[in-house]
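Here are my notes from going through the model you sent. I've kept them to points you can check in a viewer.

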Amino acid sequence: MTMDRRPPRGGGVGDEADRRVPLASSPAVSLQDRIYAHLKAGIAEGRIEPGTRLLESQLARTFSVSRSPARGALNALAAERLVFEDGARGYKVAGTAAAGQGNAAPLLDPAPMPHQRRWETLYGVVEQELYAQILFHSLRINDLRLAQHYGVSRTVTRDLLARMDGVGLVTKDVGGHWVARRVTPQRIRNLYELRRLLEPALLAEAAPRVPTALLRQARAHIQATLARPAIDGGDFDRAETDLHRDLLGYSGNEELIQALKPTHFLFGPTRHLIDPILGIPMHKIERALQEHLAVLNHVLDGDARGAASLLEEHLAEAVGRWLGRFEIAENLGSVACPNYLTPFD
């Protein structure tokens, strides 16, 4: 399931009801995460009121899924203290219930979760394989072998590669063949320099327009993530998307937003923190999240200029964290290519 992640032009508080919490920060997203995002949006926007009781069985019926993803979504909401356990009765939404609401489970509108398209289910694993390889060499991608490797049609692989083309991970050469170009430290520095020039200015414009509820959601997510024993790539990627894409979208400066699109290439490895090459030491991830938290706190305090200054400092630190992957790659050496990839210089 994909969504247009840009807020409505103007981005004021009055537009908040039209903005749903993003269902995913990457092209592939689980049913659990979709249900979690749907419920979190409902709570944030007041459609699911404080004191409302939520049951696994009820959610399974509402979303036409099994109880397992419903249970996982409730656990995720509980980890962020948006709901709390209500004994054997399931969970209740945090906050003070309206008078006379009682304990009845709410009647949620049916919202079946659509099945992922086949290319979406492959995106994460192919993305991980490509990023791990382009630190060493450029690659030719044989879409027929890619289709055979994963047992899908070439239509699926073409859709997949087209999406990757959109973020600059792959492109077509003069002969019309798919390639992934080797990434160099200089390219990474150039992309971060572009971000350092544009993102603080966009944040200063966006800060007064971002809905307070959205800022609090972003902050709560970081706080909950830092409280967990281990940070996974999905949580970190969502924090990156909240600050560097969603919040900046409220600036209303579409030209600068479009100019930043090539830098989205940098976010891919953050979804694969357990990869031996793409991962970053956990203490550095925690440091990055603390920097995010400081930026969000300044925005919430109404200090747009201070937030922009902290964002610039964060980006100056972030380039070093990204470049650390080259040192890791050099120490570990290249890994074997899947049969659909052919290295070239």
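1. Start with leucine 139, whose bridge partner in β6 is alanine 180. That pair belongs to the join between β4 and β6 (residues 178-180), an antiparallel one with three bridges. Keep in mind that this is a predicted model.

2. Turn to β7 and you meet another partner of β4. Strand β4 covers residues 138-141 and β7 covers residues 341-344; the two run antiparallel and four bridges join them. If you want pairs to click on, serine 138 has phenylalanine 344 as its bridge partner in β7, and isoleucine 141 has leucine 341.

3. Put those together and you get an open sheet of four strands, ordered β5-β6-β4-β7, with antiparallel pairing. Its edge strands are β5 (171-172) and β7, each of which pairs on one side only. Helix α4 (residues 118-134) packs on this sheet and touches β4, β6 and β7. The direction of α4 makes about 145° with that of β4.

4. α4 also has a helical neighbour. It packs with α6 (residues 154-166) at an angle of about 60°, and the axes are 9 Å apart. The two helices are therefore oblique to each other. On the α4 side the contact is made by Arg118, Trp119, Leu122, Tyr123, Val126, Glu127 and Leu130; α6 brings Val156, Asp159, Leu160, Arg163 and Met164. The handedness of this crossing is right-handed.

5. How do α11 and α12 cross? The axes of α11 (residues 282-300) and α12 come within 8 Å, and the crossing angle is roughly 165°. That makes the two helices roughly antiparallel, since angles over 145 degrees count that way. Among the contact residues are Lys284, Arg287, Glu291, His292 and His298 of α11, and His314, Glu317 and Arg321 of α12. Ala288, Ala294, Val295 and Val299 of α11 take part as well, as do Gly306, Ala307, Leu310 and Leu311 of α12. Here α11 passes α12 in a left-handed crossing.

6. A word on α12 itself. The helix has 29 residues (304-332), and from its first C-alpha to its last it reaches 42 Å, close to the 42 Å expected at 1.5 Å a residue. What follows α12? Glycine 333 does, with a positive phi near 80°.

7. There is another sheet to look at: an open one of three strands in the order β1-β3-β2, again with antiparallel pairing. β1 (53-54) and β2 (83-85) stand at the edges with a single partner strand each, so one side of each has no neighbour in the sheet. Three bridges pair β2 with β3 (residues 91-93) in the antiparallel sense. Phenylalanine 84 is a handy marker, as its bridge partner in β3 is lysine 92.

8. Last stop, glutamate 56, which lies in helix α2 (residues 56-63). Which side chain does the side chain of glutamate 56 make a polar contact with? The partner is arginine 71, at 3.1 Å. Leaving out residues up to four places away in sequence, glutamate 56 touches Arg67, Ala70, Arg71 and Leu74.

Technical notes: Residues are numbered from 1 along each chain as its sequence is written. This is a predicted model: local features need pLDDT of at least 70, side-chain atom pairs count only at pLDDT 80 or more; totals for chains, interfaces and linings use all residues. Side-chain values use heavy atoms; hydrogens and water are left out. The expected span of a helix is 1.5 Å times one less than its number of residues. Two strands pair if DSSP finds at least two bridges between them. A polar contact is a pair of N or O atoms within 3.5 Å; within protein, one must be able to donate a hydrogen and the other to accept it, and residues adjacent in sequence count only if both atoms are side-chain atoms. Contact means heavy atoms within 4.5 Å. Axes are lines fitted to C-alpha atoms, for helices over the stretch in contact, and angles run from 0 to 180 degrees between N-to-C directions. Angles under 35 degrees count as roughly parallel, over 145 as roughly antiparallel, 65 to 115 as roughly perpendicular and the rest as oblique. A crossing is left-handed if the near helix is turned anticlockwise from the far one by less than a right angle, and right-handed if clockwise.
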